[in-house]
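This report concerns a single protein chain, shown below. The account starts with one strand pairing and then turns to the wider fold, the cysteines and the confidence of the model.

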Amino acid sequence: MKNDASHPRPRNSTACRKLATPVAVGAALTSAIAFTLWVGTDESRGFSGGAGEGTSVAPELPKPKVDMEIVRGSEDAGKTVNITLDDGPDPRWTPKALQLLAKNGAKAVFCMTGPNAARHPDLVKQVVAAGHRLCNHSVSHDTAMDKKPVEYQEKEILDAKRSIDEASGGEELRYYRAPGGAFTPQSRQLAAAHRMRSLGWNVDPSDFRQPGADAIVRAVKNQLPKGPTVLLHDGGGNRAQTMQALEQLLPWFKEQGYAFSFPKA
């Protein structure tokens, strides 16, 4: 299944208009400040994921409780790498990923779909017990959900959250990653209202295409200077190549002086 596809979009723009009087200017500025709290500053949807910048809070939706900005940076300073694994949990590949991470003293964020979490609560609990973090990856993995009504987006996010919460026993769910990077201002606000940071990425080796383990490794190494958050998969298909790539990459990260971290939450 194709995941986190890249479709660059134009940035939003706002036309500038002259105001007739200083009073009007002051009123407009006050209104703008009040309406643009929690403004995001991420790039247009592309290889690093995300929606346009200048996103404002929608007053008809729940207020954000965490920042709406799409996060790609590490919570730790220095030379770091953040491993993220999408589309699981999967009974074949998630245990293999957990084994490789444990062997190398690495941590990861597991971006789970609601149905997979509900089917494999034992794996969700294993992920949590090993010290990894959980991420909401929606119910249906609909990469076109940014073109759907807000009510649909809300159901996708909150139904998945309920499934993951039940499977984990209430472990903190820190992130939301839109399938295909199909974030919208509304989905980001809905996630933030439930204390989930929107999670993007910097490095996408397209491992879902199964290009070969060596190609995945090369792509990660080539793209890593762009930022620390690496997008990989432990579900959604045959992930043997991803696991082979991880087996090479995890010790390589350590050899190169990278510390394993988590995205900011």
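In this predicted model, L85 of strand β1 has F110 of strand β2 standing opposite. The two strands, β1 and β2, run parallel and are joined by five bridges. Between them the chain passes through helix α2 (residues 93-103), and the resulting β-α-β crossover is right-handed.

Strand β1 (residues 80-88) has further partners. L85 also stands opposite L232 of strand β6, and β6 (residues 229-233) runs parallel to β1, with five bridges joining the two. Strand β7 (residues 259-260) pairs with β1 as well, in the parallel sense and over two bridges; here T80 has A259 as its bridge partner. The pairings of β1 are set out in the table.

| Partner of β1 | Sense | Bridges |
|---|---|---|
| β2 | parallel | five bridges |
| β6 (residues 229-233) | parallel | five bridges |
| β7 (residues 259-260) | parallel | two bridges |

How many of the nine residues of β1 are buried? Nine of the nine are, and the strand is accordingly described as mostly covered.

For the chain as a whole, the secondary structure comprises eight helices and seven strands. Of its 265 residues, 52% are buried. The accessible surface amounts to about 12000 Å², and carbon and sulfur atoms account for 53% of that area. Of the contacts between residues at least 6 apart in sequence, 76% join residues at least 24 apart.

The cysteines merit a separate remark. The count of disulfides is zero. The sulfur of C135 is the nearest cysteine sulfur to that of C111, at 3.1 Å, and C111 is in no disulfide, because a disulfide requires the two sulfur atoms to lie within 2.5 Å. C135 is likewise in no disulfide, its nearest cysteine sulfur being that of C111. C111 is buried, with a relative accessible area of 0%, and C135 is also buried, at 0%.

Confidence varies along the chain. The mean pLDDT is 85, and 79% of the residues score at least 70. Among the elements, strand β2 (residues 108-112) has the highest mean, 99, whereas helix α1 (residues 22-35) has the lowest, 34. Over residues 1-47 the pLDDT stays under 50, and the model has 95 contacts beyond four places in sequence for this stretch. Residues 49-54 also have a pLDDT below 50, with 29 contacts beyond near neighbours in sequence.

Notes:
Residues numbered from 1 in each chain as written. Predicted model: local features only at pLDDT ≥ 70, side-chain atom pairs only at ≥ 80, totals over all residues. Heavy atoms only, no water. Buried < 20%, exposed > 50% of the residue type's maximum accessible area, 1.4 Å probe, protein only. Helix = DSSP H or I, 4+ residues; strand = E, 2+ residues; numbered from the N terminus. Contact = heavy atoms within 4.5 Å. Areas by Shrake-Rupley, 256 points an atom, 1.4 Å probe, with all protein chains shown as cover. pLDDT = per-residue confidence, 0-100. Pairing = 2+ DSSP bridges. Right-handed = clockwise from strand over helix to strand, strands pointing away.
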